[in-house]
Amino acid sequence: MKKSPEHFRGIGRIPYEGPRSGTALAFKHYDPTERIDGKTLKEHLRFSIAYWHAFRGTGSDPFGPGTIVRPWESGKDPLSVAKVRMDAAFEFFTKIESPYWCFHDRDIAPEGRSLAESNRNLDKLIAHAKQLQKATGVKLLWGTANLFSNPRYMCGAATNPDAHVFAYAAAQVKKALEVTKELGGENYVFWGGREGYETLLNTNLKREQDHLARFMHMAVDYAKAIGFKGQFLIEPKPKEPTKHQYDFDVASGIAFLRTYGLEKHFKFNIETNHATLAGHSFQHEIEVAAAAGMLGSIDANAGDQLLGWDTDQFNTDVRELTLAMVSILKAGGLGTGGFNFDAKLRRPSIDPEDLFLAHIGGMDAYALAFKLARRILAEGKLEQFVADRYSSFDSDYGRDIEKGKATFQSLEKLVLTKLGEPTPRSGKQEYLENLLMQYLHG
């Protein structure tokens, strides 16, 4: 394979220099080679770079065009530009010490005038990606299809009222599954960007949800047919771009999967900013998924509490991330999932260096949160408090309640003859918040 020119000149592989380092282009908490419990930190965290933000993001917003211009974007042939862009991307993945990457089909290859032409374009870029993965050791965390940008999907893909659009979307996902398998993708994500409605005046809600479930079953069937062993993931979001999206949050997603007999085939890719838009905390969504055994992967970003839309910022809130990490580690980790930086540079951050600085901050914050969460769980103070709070269910009539042996009649008799009035116990929220602060600043 011909060696491509260096695109990020003057920036080498990002080193780990420790918490006291004053070097901007250095990790302070993320040492990818640090071994913890027999695995490196790189193996524990499984960081991934989102191709669409890092290498297709231009800084555009609803009020103006892009501000970010990269030198590798010049050229008249879209396929040639796409290959050079991918070379730059893999140079970045390597220098930032990310073991994984993620993409939508239309991120990496230009869409053609027909599905056949789009597939040919995709095949050429997949062949190039395969070479780059082999040369660098970077792997594919997950692939997916863009079923939301093209005007044909203005009313949804699997939930579109036109069967022709449904069929086109099915063909596009078929191809996306094939190329994800070819690149060794460990997961495949469904984000229902326009799978929802703007108004119920023109919507048959039940029929659309039935169609969405049929689409998912088709995907499961085809994955089996081609031998794709990766985990299917659903990424919930309550709104934007539609007024109401069917995968509103993890809880509604679980209900949907169980209603249509899909719960054995799907887990959840949880995005921090989407949790915020749904009126939940990041930790809440993780806990709901974990309780159902459906925690799959994380889109690592953050929203802005002062803005009402999906800002996709890099998350450096160590408190929020530590709480999330506690829940993730208690659940046994993410399995084949990882922490994908579905985050973009701010509009004025136009230098190539800014791409490194943003990811360094995010990776350091997650690495620090991981270490703090391990300490919290190892010392066990928080977990012991929770265990003690529910200890009345560990024996006697409390255990009978949990095991289904108690009845209204038996419990009424207990209260009338033995238990009497309950004695309230403090939840000690302030104590627990102070304890958490000690871990964060100790």
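**Cavities and a long-span helix in the predicted model**

Strand β6 (187-190) and helix α7 (205-226) each contribute at least two residues to the lining of the largest cavity in this structure, which is a predicted model. The space enclosed by the largest cavity amounts to about 110 Å³, and of the 15 residues that line the largest cavity, those closest to its centre are L147, F190, W191, G192 and E195. When the lining of the largest cavity is divided by class, 11 residues are nonpolar, 2 are polar and 2 are charged.

In the whole structure, the search finds 3 cavities of 30 Å³ or more. The second largest cavity has a volume of about 40 Å³, and its lining is made up of P236, K237, F248, D249, V250, I270, E271, H274, A275, A278 and E285. Two elements, strand β10 (266-271) and helix α9 (272-277), give two or more residues each to the lining of the second largest cavity. By class, the lining of the second largest cavity comprises 6 nonpolar residues, 1 polar residue and 4 charged residues.

Apart from the cavities, helix α12 was examined along its length. Helix α12, which covers residues 352-379 and so has 28 residues by definition of its run, reaches 42 Å from its first C-alpha to its last, a span close to the 40 Å expected at 1.5 Å a residue. Just after α12, the residue G380 takes a positive phi of about 75 degrees.

How values were computed:
Residues are numbered from 1 along each chain as its sequence is written. This is a predicted model: local features need pLDDT of at least 70, side-chain atom pairs count only at pLDDT 80 or more; totals for chains, interfaces and linings use all residues. Side-chain values use heavy atoms; hydrogens and water are left out. Helices (H or I, at least four residues) and strands (E, at least two) are DSSP runs, numbered from the N terminus. The expected span of a helix is 1.5 Å times one less than its number of residues. On a 1 Å grid over the protein atoms alone, a cavity is a set of points where a 1.4 Å probe fits but cannot get out, and a pocket is an open set with protein on both sides within 12 Å along at least five of seven lines; lining residues have an atom within 4 Å of a point. Grid points are joined across faces, edges and corners, and a volume is the space filled by probe spheres set on the points. Ala, Val, Leu, Ile, Met, Phe, Trp, Tyr, Cys and Pro count as nonpolar, Asp, Glu, Lys and Arg as charged, and the others, Gly among them, as polar.
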